[in-house]
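Please consider how helices pack against one another in the model shown here. The explanation that follows takes two helix pairs in turn.

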Amino acid sequence: MLSSQRPCRIFRRRDGLSRQIVCTLLLFNTLFWLFILRRSIQHCQQRRAATPPFHTRPPEQLYGTDFDKFNMTLKGFRFEYKMTSPKRKNCVNTTIFLAIMSTGDKAMHVQREALRNTYLSKAAYYNIEYKFFIGKSNTTRPDLLQKEVKQYNDIVFIDMVDSYANNSIKWNAMYQYHQSFCHEAFFFMKVDDDVIVHFPRLWQWIERDFGGIIIGQRDWLVCQKIQGVQPIRDPNNKWFVPKHQFEKDWYPPYCNGYAVIMPSETVGKLLEEAKHHQFMKMDDVFFTGILTEPLNITVNHFIGIGGDFEIDICRGDPPFQTVIHSERRPKTIYAKYYKLEKCAVIAKQLGDATKKVITLHKINFAQKMLDVERILAEFAEITVEEDRCSKKNENRLSKQEKAARYFEKIKQSRLAKRAEERKRQRTARKRRNREEKIVLKEELNIAIDLGFEVQMNKKESTHLARQLGRIWGLQKRYQGLKTQLFGLTPDFSENCQKIVTGFDKFDWKTHDKTAHDVIRGSDLDKLIYLTPDADAEPLLELSKDNIYVIGGIVDETGVGSRTKMKADTSGHKSYRLPISEFSRRNTEKGNWTFNQMLALNQVVEALCLFSQTSDWTTALATVVPARTGFIFEKDDQNSEENPKNE
């Protein structure tokens, strides 16, 4: 090897330095920088160890604002936390305190901005005080939150970790904030941060008692009601509820938690009642179901609170749709806010051009709806942006078209099966009508109250018209059955004539007024309301002197209680069919509903059969569908002889 190519031979000998000295200098230089690097790593580790993670830092250190101490005290549970103290600690002249459940995630800043630019921009005009309630997590950006708090002053920070399991704590915090700083407001409303509220329409429905569903109630909840739900006992499930938290097999009726409104006085009663119950992470079940049941607070279903809606629901004065559940996407918030804002305008412009749900996708891409482009001129930027996004991926659009064709094929198949089934049922009804007529032992007077028709959507009104047609068939079959229709409006009568052939030729008494306006004097005491509500007494006997009033309502949400509420308000007795008294529940595995809400024609047929046979078991076994899971047996001996019936 040449001397110039030897290791560490950087300088030549003429530089005056030997290669040993050069190698030594390079070695010391390397060791020096390794020492500096090691000290830097140790310094970073010490700083990281000395600085606690975000979700463990004191809130005053992060935001520099005042915090008040609160606690959630339940049976065997106590949790202390801090919450932002407002600058103005009263809500004088406030109509509604709106509590919006949000999160501290950095992506939610844009979502909250979209809400402020849409429906919350009108809050001050209606004296509505709103606050966003957020917790903390490792993804929270304190700098963004500080800027948002200083700019809008509408955020309440709760010193707790944001998680689904802690939603009950956050709900309790919203109640306590309302009671501590804004109890002067007339109403309290809780919504999620993906919900849009139409404030003018909300006030119109409040003035109308939400269509009369809260008349006579001091404490109430109005929401999208849910009932008939069982607790999930699987520990691996997100909604797992152990036995020690809730022992019963069925939840009481409760609200879908994304939107709930109630009087301010009701909030304090719910907080006081919570002290006697175990903690549950199912926040909506706990605060709107378990706490309302012992206080006898009615959970009322309002059709104007829901997700995407049919355009026909806009045909009203005012339109029903008031609250719409959207998505956590700012573009969707803007588009659905516009749809809610222009609900009546869209219905007027389109007329009968479409009966389908107008979703955001259909508004942007439907070629047949030429008027929609003109209506959406104000929101042209949203439409163009959505179109541009859709053109980026043509494969995705083709998949949507394939899916649309697939579902259309399924729909046509189902419609064909339904048409065949209706044809079979018509043939069977004609055959029964040709049979010898049945004479009832006593005269049976039935009154159908159609005053609930305004609370139903178009689909439910169609079902009601068909059920009335079947009741007319029963009247022709059973001699002694007399049926009257009360509250029959011209619009509903015209709709029935389109659906039921010969409806205008049915020879029964019809009244455009209510039963109270037609029946006078002592005959009012003969009115007996029939309701599916479980709290009503069972109807065990029939009398020819009484008039049995059946609520003319088809309720696919399973709300119930409306007929009983009307009976209680007017001071009349209410009874239910004795289904549970003359049956037992099927214990075998199956999708049993155990629903005691029957169609109008099924109720009338059950009354006719009992009037003829004086046997509720035979009457109910004939009309109650098998899918409900009720088994009707005359006695135990019958059950042993016919085990197949079990």
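**Two helix crossings**

Helix 5 and helix 8 are oblique to each other. This description belongs to a predicted model. The orientation follows from the crossing angle: the axes of helix 5, residues 167–181, and helix 8, residues 264–274, cross at roughly 125 degrees, and an angle that is neither under 35, nor over 145, nor from 65 to 115 degrees counts as oblique. These two axes come within 10 Å. As for its hand, the crossing of helix 5 and helix 8 is left-handed. On the side of helix 5, the contact is formed by N172, Y175, Q176, H178 and Q179; helix 8 contributes S264, V267, G268, L270 and L271. Sorted by class, the residues of this contact comprise six polar and four nonpolar ones, with no charged residues.

The second pair consists of helix 16, which spans residues 458–477, and helix 20, which spans residues 600–613. Their axes come within 8 Å and cross at roughly 20 degrees. Helix 16 is therefore roughly parallel to helix 20, because angles under 35 degrees count as roughly parallel. Helix 16 passes helix 20 in a crossing that is right-handed. From helix 16, the residues L464, Q467, L468, R470, I471, L474 and R477 take part in the contact. They meet L600, N601, V604 and E605 in helix 20. Among the residues of the contact between helix 16 and helix 20, six are nonpolar, two are polar and three are charged.

Definitions and conventions. Residues are numbered from 1 along each chain as its sequence is written. This is a predicted model: local features need pLDDT of at least 70, side-chain atom pairs count only at pLDDT 80 or more; totals for chains, interfaces and linings use all residues. Side-chain values use heavy atoms; hydrogens and water are left out. Axes are lines fitted to C-alpha atoms, for helices over the stretch in contact, and angles run from 0 to 180 degrees between N-to-C directions. Helices (H or I, at least four residues) and strands (E, at least two) are DSSP runs, numbered from the N terminus. A crossing is left-handed if the near helix is turned anticlockwise from the far one by less than a right angle, and right-handed if clockwise. Contact means heavy atoms within 4.5 Å. Ala, Val, Leu, Ile, Met, Phe, Trp, Tyr, Cys and Pro count as nonpolar, Asp, Glu, Lys and Arg as charged, and the others, Gly among them, as polar.
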